[in-house]
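User: Please pick one part of this model and take me through it properly, starting from the whole chain so I know where I am. Plain language is fine.

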Amino acid sequence: MESALVLGAGGITGIAWQLGVITGLREAGVDLTGADLIVGTSAGSVTGTLLAAGVDPVDAQRLEARLGAGDPPIRPDWERGSQAFAILTDETRDPASIRAEVGALALAANVIDEHSYVTSLARRLPVHAWPDRPLLINAVDAATGDPVVWDRAAGVPLDRAVAASCAVPCIFPPVTVGGGRFVDGGVRSGTNADLAAGCARVVVLAPLAPVRMHGAPAAEIEALRRRAKVALVAPDDATLAALGPNVFDTTRWEPAIEAATAQGRRLASEVAAAWDS
């Protein structure tokens, strides 16, 4: 495959930011929606599913971001969540042991029930069958810590794959897929950009790159750049202000889209240098 669009983790505001950037870039003549491969992690699994299914990014901006009366409230397990965060940000630890320990905390966490979480997320997806276009969705096995990548050939339900990829440990429950339970693909990497290896042109949209050490792991990007033209896009200062500090703040949906659309227009020449080369 020639081109890849990598969509990283970033919560609800991350989805809004990605849709806005893609819209702004297209308005300025750089269209990422035709990527040969889409790699989605957490928030990026939602954005990626929409794009791979052919949903126009402007239409996708009308996604129901806010929780309604029928949706379960977000009810984090703050004690276990703080432990998970400390583990995830400990650079002295082995990555495999980090994933396994965070998975164990997620399995033990007192959060909303799995059925309510999956139902709420699935209701917001306008598509429920895997698209024909190549789409990779990342998650982590909560019991073993092993990363997993699903695509159309994996034979797993799309809504459960997306829900698992978005299942931030100790905020949302691990999601049952096949015979296992899985958590957020961002536990491995905020982008999982290494899955785009082999593509000649790669654009990485990484909402968490400015605020998380693993938001866009440098080793992944550097490895891609040895063999491909790569553009790494992250929120700039103006866009970060619009996103706010809470990635689950649904009131930031429209401001994030507006700011990101403007950012996309500003970045068009930079992204085109990689995408249109």
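Analyst: Let's start with the whole chain: 56% of its 277 residues count as buried (under 20% relative accessible area; exposed is over 50%, partly exposed in between; 1.4 Å probe, protein chains only). Bear in mind that this is a predicted model, where local features need pLDDT of at least 70 and side-chain atom pairs pLDDT 80 or more, while totals for chains, interfaces and linings use all residues. Residues are numbered from 1 along each chain as its sequence is written, and side-chain values use heavy atoms, without hydrogens or water.

The chain has 11 helices and eight strands (DSSP runs numbered from the N terminus: H or I of at least four residues, E of at least two). Its radius of gyration is 17 Å, close to the 19 Å that the globule rule gives for 277 residues, so the chain is as compact as a globular protein of that length (C-alpha atoms; the rule is 2.2 Å times the number of residues to the power 0.38). Along the principal axes, the C-alpha atoms fill a box of roughly 50 × 40 × 35 Å. Of the contacts with a separation of 6 or more, 78% come from residues 24 or more positions apart (contact: heavy atoms within 4.5 Å).

Now the close look, and my pick is strand β1, residues 3-7. Five of the five residues in β1 are buried, so the strand is largely enclosed by the rest of the structure. Which residues sit on each face of β1? Ser3, Leu5 and Leu7 are on one side, Ala4 and Val6 are on the other, and all of them are buried, leaving both faces covered. That fits the usual pattern: in a regular strand, side chains alternate between the two faces of the sheet.

As for partners, β1 pairs with strand β7 (residues 201-205) in the parallel sense, over five bridges (pairing takes at least two DSSP bridges). β1 also pairs with strand β2 (residues 37-41), again in the parallel sense, over four bridges. Val6 is a handy residue to click on here: it stands opposite Val204 in β7 and opposite Val39 in β2.

If you'd like a helix to look at alongside the strand, try α2 (residues 43-52), which holds Thr49. Thr49 has 0% relative accessibility, so it counts as buried. Leaving aside neighbours within four places in sequence, Thr49 is in contact with Val127, Leu135, Ile137, Leu158 and Val162.
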